[in-house]
Amino acid sequence: MQILLVASAFNSLTQRVFAELRDHGHRVAVELVREDDGFRRALAHHSPDLVVAPMLTTAIPKDVWSAVTCLVVHPGPVGDRGPSSLDWAVAEGAERWGVTVLQAEEVMDAGDVWAAAGCAVPPVGKSDLYRGEVADAATAAVLRAVERFASGTHTPQRQTADDQVRTRPWFTQDLRRIDWSSDPTGLVLRKLRAADSQPGVRDVLLGAEWFLHGGHPEDVLRGEPGRIVATRDGAVCRATVDGAVWIPQLRRPRTPGGPAGFKLPAVTALGGSLPDVPEVPAPLTPPPGRRTWTEIEYHEHGPVGLLRFSFPGGAMSTGQCRRLLAAYRHALTRPTSVLVLGGARDFFSNGIHLNVIEAAPDPAAESWENINAMDDLVEAVLTTGDRLTVAAVGGNASAGGVMLALAADEVWCRAGSVLNPHYRLMGLYGSEYWTDSLPRRVGPVRADRLMRQALPVSSAAAHRIGLVDRVVCASPEGFGAEAVRLAAELAASPDLPLRTAAKAAALGPERLAELAECRRAELERMRHDFWGPGGDYHRLRSAFVRKERTTGTPEHLAAVADTAPPRPERN
């Protein structure tokens, strides 16, 4: 079936729906539209059998949805209406939520229901929830709705008063405002989590206006409500009336006529205005029951070591790469036979930290430091010879984050994760030993195609082509425990000593020389990207970081309509 995806942005959910519809054999075109004529041009150009809208911030015009069936994904249960569905769910502490696929009509979110699916709401940020449980439910509902439409026999259900219709308004900053003198920690966390990625919570901090991004509980530190009492790895800890919360990132509001602000580690954003408060490191292995924020943790489960990490937005700055490398080296001193890297929910990694680079006095120099720090980390994983390593990819990954995973002996990916193993859209050649790892797994022809086409790959497709070794069917919340269980089985397998010995033997002088040459050649290309004339990296990075709106559908997506769905074979 010919399906047209219309979206306001090619965001995580749009990418997942795109990849999974193609996995199911549909021909899928993508158009990014922001005004009525854009819908009309897309419809005329593609003549689809069906239109699916995974993420729209504007209504589909009547003449479009009257001409062809248009299915809209609404991130709320049947009867829920309004533009801030997930914001309300997180802010009000809902334990269950849902996704509805409904037919576009005159009244927003009031159309006939083609499919719906429910999901749990764990105590996480809105964006994490959106990429995890909500994306799982949305994908299941879209696939069910498309199957029903293709059957030609299904009649969608009308929404009635029995569906407990509730239309709620836009979740404004007035509703998000934190009263540090009276709001308890639980309420502060819900407000922060309901706005964690976008739009943030507007607040006054140290006499200036900021948007606060992210919120995590702290069970030990205390202070005067509203005051910053400590820092940790770039985050600030701010006291509440009955506890404290960690806020990892801040963003300056846009000034009239000025450029858009962008998220930065809170300590970096505050700069010289930060008061003299202690840097309070977190233990690498927090004691059971401790409630605090840390980006990196290490735990042991018998012969299995688990090095978990979770960086805001999946981006890894120079400092974060170096801290993770130090933790990895510590893990190598422990008496384990299998070391799991990852295992957290949400992003695995998206490579270098473009926001920190954008804010640096010399972005090219910071880019160079950052990519070398990433390379150091990937090299350490590639050259680990005394145990098996597993990359446990619980969420999405892109660019150097995918290559970090490929450095491990085995890559386990949660069903529902989306991988973007390319650098092209940022104007970069790429490093992290991709010219060794990617062709070794998928072959040189497919490696070239993945880099050139720059399209998202579903976990199932990644497994078919050999990009990952195992797809783990687990919820976002349950993935870490399942990865540990599977790693324990691997550690108990009788052929583990032979595999480890063969791996160590293969890491001889010849192999190490190959890796050194690989890194040298990649960095030479990256040096040109950072400092050479005529490159697009600095322009593309700035546009990405500042979320500049693109005009029309990007070239690499426009070309998708002319390509067939991927064939289900494995190298």
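This is a short talk on the fold, the nonpolar cores and the aromatic pairs of one chain, shown as a predicted model.

I'll start with the overall shape. The chain has 20 helices and 25 strands. Its radius of gyration is 24 Å, and the globule rule gives 25 Å for 571 residues, so the chain is as compact as a globular protein of that length. Along the principal axes, the C-alpha atoms fill a box of roughly 65 × 60 × 55 Å. Of the 571 residues, 57% are buried. The accessible surface is about 23700 Å², and carbon and sulfur atoms hold 53% of that. On contacts: taking those with a separation of 6 or more, 70% are between residues 24 or more positions apart.

Next, the interior. The largest nonpolar core has 86 residues, and the members that touch the most others are Leu250, Leu404, Leu419 and Leu438. Helix H11, residues 363–382, gives the most to this core, with ten residues. Apart from that core lies another, of 46 residues, including Leu50, Val90, Cys119 and Phe171.

Take Leu438 as an example. What is leucine 438 in contact with, leaving aside neighbours within four places in sequence? The partners are Met403, Leu406, Pro421, Gly443, Ala447, Leu450, Met451 and Leu467.

Now the aromatics. A search of the whole structure gives eleven aromatic pairs. One of them joins tryptophan 246 and tryptophan 293; this pair is tilted, with 6.1 Å centre to centre and 35° between the planes. Tryptophan 246 is in strand S14, residues 244–247, while tryptophan 293 is in the loop between helix H8 (266–270) and strand S17 (296–301), so the pair ties together parts 47 residues apart in sequence. Are these two rings buried or exposed? Tryptophan 246 is buried, at 0% relative accessibility, and tryptophan 293 is buried too, at 6%.

A second pair is phenylalanine 530 with tryptophan 531. It is edge-to-face, at 6.3 Å centre to centre and 80° between the planes. Here the burial is split: phenylalanine 530 has 3% relative accessibility and counts as buried, whereas tryptophan 531, at 43%, counts as partly exposed.

Those two residues belong to one aromatic cluster with Trp368 and Tyr537. Two arginines sit over rings of that cluster. Arginine 527 lies over the face of tryptophan 368, 4.4 Å from the ring centre. The charged end of arginine 541 is over the ring of tyrosine 537, at 5.0 Å from its centre.

That is where I'll stop.

Methods: Residues numbered from 1 in each chain as written. Predicted model: local features only at pLDDT ≥ 70, side-chain atom pairs only at ≥ 80, totals over all residues. Heavy atoms only, no water. Core = buried A, V, L, I, M, F, W, Y, C linked by side-chain atoms within 4.5 Å. Buried < 20%, exposed > 50% of the residue type's maximum accessible area, 1.4 Å probe, protein only. Helix = DSSP H or I, 4+ residues; strand = E, 2+ residues; numbered from the N terminus. Contact = heavy atoms within 4.5 Å. Phe/Tyr/Trp six-rings, centres within 6.5 Å; stacked < 30°, edge-to-face > 60°. Lys NZ or Arg CZ within 6 Å of the ring centre and 35° of its normal. Rg over C-alpha atoms; globule rule 2.2 N^0.38 Å. Areas by Shrake-Rupley, 256 points an atom, 1.4 Å probe, with all protein chains shown as cover.
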